[in-house]
Amino acid sequence: MKHNSDIVNRLLREKLERETQAKTRRHFIKSCAQGMGGLALSSIFMGCDPLSPSKPKTNSGLASGLSERDLNPLSTLAPHYGPKVKSVIYLHMAGAPSQLEMFDYKPELQKYDGEDCPQSLLEGKKFAFIKGTPKLMGPQADFKQEGESGNWVSNFLPHFKSVVDEVAFLKAVHTDQFNHGPAQLFMHTGSPRLGRPSIGSWATYGLGSENQNLPGFVVLTSGGNTPDAGKSVWGSGFLPSVYQGVQCRSKGDPVLYIDDPDGISRNLKKSTIDAINEINKEEYVKYADPEILARINQYEMAYRMQIAVPEVMNINNEPEHIKQMYGVEQGKESFANNCLLARKLVEDGVRFVQLFDWGWDTHGNVREGSVDLGLRNKCREIDRPMTALILDLKQRGLLDDTLIVWGGEFGRTPMQENRGNKEMAYKGRDHHGDAFTMWMAGGGIKKGASHGLTDDIGFSGIDGRVSVHDVHATILHLLGFDHEEFTYEFQGRPFRLTDVEGEIIKEILA
Amino acid sequence: MIDVLQQLLGRLHPLVVHLPIGFIILGLLLQWYDRKQNQYSEVIAFTYLCAGIAATLACITGYLQYIGEGYSFETVKWHLWSGIATALFSFLMYAKFKQLNLVAFISKVPVIGLSIIFFVLISFTGHQGGNITHGEDYLVEPLPNSIKSALGYDTFEEKEITLTEENWQDALIYEEVIQPILNNKCVSCHNPKKAKGELMLHSAEAIINGGENGEVLVAQDTEHSELFSRMVLPIEDDNHMPPEGKTQPTKEEIKLVGAWVDAGHPFEGSIQKSKLPKELFVSFFPNKHDVDHPDIEIPKASQDSIKAIKAIGVYVDPISESTNFLSVSCINQSSFSDGDFEILVPIKNQISRLDLGGTQVTDAIFEMLGTLPNLTILKLDYTKITGEKISLLENLEHLKTINLTGSDFQQKLDVFLNFKNLNKIYLYKTQVDPTGAKSLNNGKVSIDYGDYQLPAIASDSIIY
């Protein structure tokens with residue numbers, strides 16, 4: 001008898017313990033939320049709810065007030081007003097290309113070549129390496145006015161000349177950062193410090209992605225290195241991590257570990273996922289925790305992506321003349337391959353494609369980093385691919401729906417770099433944030449426009465100066481967002497990509 | 001001393017009044033609770049006795065407040081008489097439940113009748129009191145204008161700013177631009193009837209006169225012109241205008257008021273004369289045509305139809321939050337075929353952008369596409385269509401772009417001649433001769449055959 005009652009007691013105790021374990025804080029708050037008190041609580045907690053976008057969501061009428069978004073964070077949402085483009089391809093030249101050898105023609109600078117830089121220009125300025133009094137250095141390229149627009153392009157970019165009438169130049173962009181890492185962060189997240197979401201994350205968070213088998217935000221790198229600022233330049237900051245950029249490799253497996261392990265067939269994988277999802281569904285019936293549904297959804301999405309990602313990342317099936325147009329180098333990691341991939345991704349409905357090409361830091365300390373030789377090689381590497389990208393999108397009717405942005409994190413000085421106050425081995429220029437060139441092309445962009453003007457030596461913008469925030473505001477505008485309304489509640493206040501600044505650059509809009 | 005006490009007691013009136021209200025409501029509830037057993041008459045009587053005493057106190061404090069705070073008799077008379085009536089009625093109800101047959105007729109009136117009168121009386125008294133403290137339109141104010149005017153209240157008619165690309169310079173700067181802004185966002189609290197802060201903003205003279213803190217406009221000085229500076233304070237700031245919760249002016253409107261102050265706040269003359277730049281006014285121009293959809297208003301598509309379409313894996317979403325037009329895409333559903341079109345029929349008026357690229361549709365689809373009255377952008381790239389019967393689309397007056405890239409399209413370009421608003425056709429990788437016309441209808445329709453090449457040049461292989 002005694003023995004039996006012991007067993008019963010033990011069972012009862014175990015039951016009690018199990019019940020207590022099952023009642024976690026989450027369930028407590030969850031059950032609160034069903035009462036009036038919970039309603040009040042949830043509004044208090046709204047600020048720390050990672051899934052509460054400040055723009056209204058369409059609730060597809062799912063049980064327990066779950067929106068489609070909770071289940072599938074990449075489902076699409078409508079922007080504030082009519083979008084001009086559906087996708088963005090952002091070409092970032094990491095290291096900062098020299099505007100003075102590519103787009104910003106300064107014949108006056110040639111006249112002062114070799115002369116000391118006037119002190120008035122140097123006062124109060126910070127340079128990364130320039131010491132004492134540097135000498136001015138004229139443009140190391142030949143310029144010509146091209147196309148009907150008559151915009152200037154240097155002989156470093158012979159192919160790009162043919163599409164100059166498709167793009168709009170921003171000649172006087174400025175940034176307040178003069179080192180690569182912070183300047184790249186600023187350019188991509190709107191803040192030179194870590195922690196903010198990148199522009200691609202904002203876009204996918206706000207719009208979702210049409211193709212449910214591919215990531216919404218893809219990052220491709222070339223040039224042998226990743227950006228100095230690290231992966232934070234495509235990070236999701238305080239946004240849910242599902243919106244961060246997915247870095248795909250153009251060589252080898254596009255995503256690491258995407259292949260099924262040896263001995264695991266796709267069918268087995270599917271059964272595994274089905275089994276896990278079955279258990280998860282039971283859990284959901286028991287606890288009605290929306291996170292469980294989101295998890296189910298993500299397993300399935302990952303499974304679909306396993307097929308779709310390698311497919312879209314395979315450029316071998318492209319016809320030969322397309323490969324030639326881009327200058328594809330099969331099996332290599334190159335900017336050309338990435339440009340072709342970018343087109344394929346956008347064609348398949350990917351929202352934001354970010355290309356980073358490394359190796360543009362032309363200080364003149366080494367041959368590759370010289371503005372007359374190394375820069376020319378880098379220009380050759382991007383000239384054909386980026387021109388082909390514009391033409392290829394255009395002929396497929398995709399350029400109407402896509403925005404291409406080209407630029408670096410800052411520009412370069414009109415002075416020759418004199419690191420350590422000594423003459424450098426090669427011709428180079430130091431970091432310079434006061435004035436540099438960017439261009440945009442695609443839907444909603446005024447073709448052949450050129451906005452902004454720098455002074456005679458290209459040191460500062462004298463007209464049409466635009467900030468990094470202005471560039472962001474313009475990109476968001478083209479995607480259909482009011483950059484001042486597009487916010488995310490975090491740590492008790494709404495955050496914006498453009499912080500408290502940013503004006504749409506209307507001059508380059510069609 | 002007595003004065004102070006009198007005033008203090010008077011000011012306690014708004015507090016004391018809640019006691020009789022509470023007691024009376026409690027009494028009425030008890031009556032309802034006891035409607036069958038009739039065993040709590042004693043308790044109900046006691047409640048009404050308390051109500052009567054509390055109401056008498058409320059009447060006394062109320063009278064003191066009326067004397068002390070300088071209200072006119074005209075303002076308080078209804079409240080005063082109904083308050084006294086409430087107090088008397090409470091005692092009467094007490095008598096009724098105590099069955100003290102003081103007056104013969106009380107016993108004859110059914111108790112339910114008395115209760116209803118009592119409830120109406122206390123509501124009326126309370127409401128009159130509220131009107132004195134908060135103003136007569138306190139409850140009406142949050143209602144939309146249409147309901148307000150239906151109830152017979154004065155409304156400040158919303159005035160619209162109507163500027164166009166052509167006539168904006170001729171519009172009167174104050175009358176047609178600034179005044180409508182102030183009218184819609186400020187005047188409901190700043191008018192001759194209700195001048196909060198003694199400020200009225202309904203006319204030029206009133207604005208110049210300013211309010212209790214003096215002038216609200218200082219020429220060419222936005223910082224010291226409170227009319228402007230209060231609008232740009234953070235919304236949480238107590239001095240922010242319009243107050244939190246009221247309709248706020250848009251940022252374009254605020255900017256415009258600021259520019260107007262900077263220009264010396266002219267009340268006369270046209271925009272041109274004020275020399276304000278065009279960009280301030282552009283946002284008030286009628287919306288420019290959006291590329292993706294016709295410039296008309298249409299009703300929302302039913303959520304159920306959208307759900308049904310999404311369920312088969314076809315993407316449907318509004319083009320933007322500001323329109324009901326939908327973008328439909330089969331990007332996730334390449335098995336979509338002619339037969340599946342049926343599911344799109346319930347939203348046929350809302351579809352303005354349709355992407356059937358890469359699907360199984362055939363030439364039979366054109367008959368169905370012809371029933372989409374608002375179709376603006378059509379993608380049929382990488383499909384098996386040959387373009388036979390594409391002329392069925394020529395009556396679609398909004399159709400602007402047709403993308404046929406990579407399809408089996410093989411018709412003569414003449415089929416597009418009668419299209420109404422077509423301006424772009426993509427024919428890359430089709431069977432149409434790329435040496436054909438680059439445009440149709442005198443350049444109205446441009447044709448892109450694609451197949452762009454980047455010829456190899458010497459510098460392609462020079463390595464520096």
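How many residues of strand β1 (residues 87-94) of chain A are buried? The count is 8 of its 8 residues, so to speak a strand that is mostly covered. Keep in mind that this is a predicted model. The legends below take it one close-up at a time.

**View 1. Strand β1 of chain A, looked at residue by residue.** Here we follow β1(A) along residues 87-94. In a regular strand the side chains alternate between the two faces of the sheet. In β1(A), A:S87, A:I89, A:L91 and A:M93 point one way. A:V88, A:Y90, A:H92 and A:A94 point the other way. Whichever way they point, all of these residues are buried.

**View 2. β1(A) with its partners β8(A) and β7(A).** Strand β8 of chain A covers residues 402-407 and pairs with β1(A) in the parallel sense, over 6 bridges. β7(A) also runs parallel to β1(A), and 7 bridges join the two. A:I89 is a handy residue to find in this view: it stands opposite A:I404 in β8(A), and its bridge partner in β7(A) is A:V353.

**View 3. A:T362, a residue in a loop of chain A.** This loop lies between β7 (352-358) and α13 (374-395) of chain A. Is A:T362 buried or exposed? A:T362 counts as buried because 29 C-beta neighbours lie inside 10 Å, and the cut-off for buried is 20 or more. Leaving out residues up to four places away in sequence, A:T362 touches a list of residues that includes A:S98, A:G369, A:R412 and A:R429. Another residue to look for is A:E417: A:T362 and A:E417 are 55 residues apart in sequence, yet 9.5 Å apart in space, C-alpha to C-alpha.

**View 4. Chain A as a backdrop.** Stepping back for a moment, chain A has 14 helices and 17 strands. Of its 510 residues, 49% count as buried. Among the contacts in chain A with a separation of 6 or more, 75% come from residues 24 or more positions apart.

**View 5. Helix α4 of chain B, end to end.** This helix takes in residues 41-68, which makes 28 residues. At 1.5 Å a residue it should span 40 Å, and its end C-alpha atoms are 40 Å apart, so the two values agree. Just after α4(B) comes B:G70, with a positive phi of about 70 degrees.

**View 6. The open sheet of chain B.** Eight strands line up here in the order β1-β2-β3-β4-β5-β6-β8-β7, with mixed pairing. β1 and β7 (439-440) of chain B stand at the edges; each has a single partner strand, so one side of each is left without a neighbour in the sheet. Further in, β5 (residues 401-403) and β6 (residues 424-426) of chain B pair in the parallel sense over 3 bridges. One of the residues to pick out is B:T401, whose bridge partner in β6(B) is B:K424.

**View 7. Where chain B touches chain A.** The contact takes 31 residues from chain B and 30 residues from chain A. On the chain B side, α14 (303-311) and β1 (315-318) are the elements that give two or more residues. β1(B) gives the most, with 3 residues. By class, this side has 12 nonpolar, 11 polar and 8 charged residues.

**View 8. The domains of chain B.** Chain B is divided into domain 1 (2-134), domain 2 (168-284) and domain 3 (303-448). The C-alpha centres of domain 1 and domain 3 of chain B lie 73 Å apart.

Note on methods. Residues are numbered from 1 along each chain as its sequence is written. Chains are lettered from A and ligands numbered from 1 in the order in which they are written. This is a predicted model: local features need pLDDT of at least 70, side-chain atom pairs count only at pLDDT 80 or more; totals for chains, interfaces and linings use all residues. Two residues are in contact if their C-beta atoms, placed from the backbone, lie within 7 Å. Helices (H or I, at least four residues) and strands (E, at least two) are DSSP runs, numbered from the N terminus. Ala, Val, Leu, Ile, Met, Phe, Trp, Tyr, Cys and Pro count as nonpolar, Asp, Glu, Lys and Arg as charged, and the others, Gly among them, as polar. Domain bounds come from an automatic or database domain assignment. A residue is buried if 20 or more other C-beta atoms lie within 10 Å of its own, exposed if 12 or fewer, and partly exposed in between; C-beta atoms are placed from the backbone. The expected span of a helix is 1.5 Å times one less than its number of residues. Two strands pair if DSSP finds at least two bridges between them.
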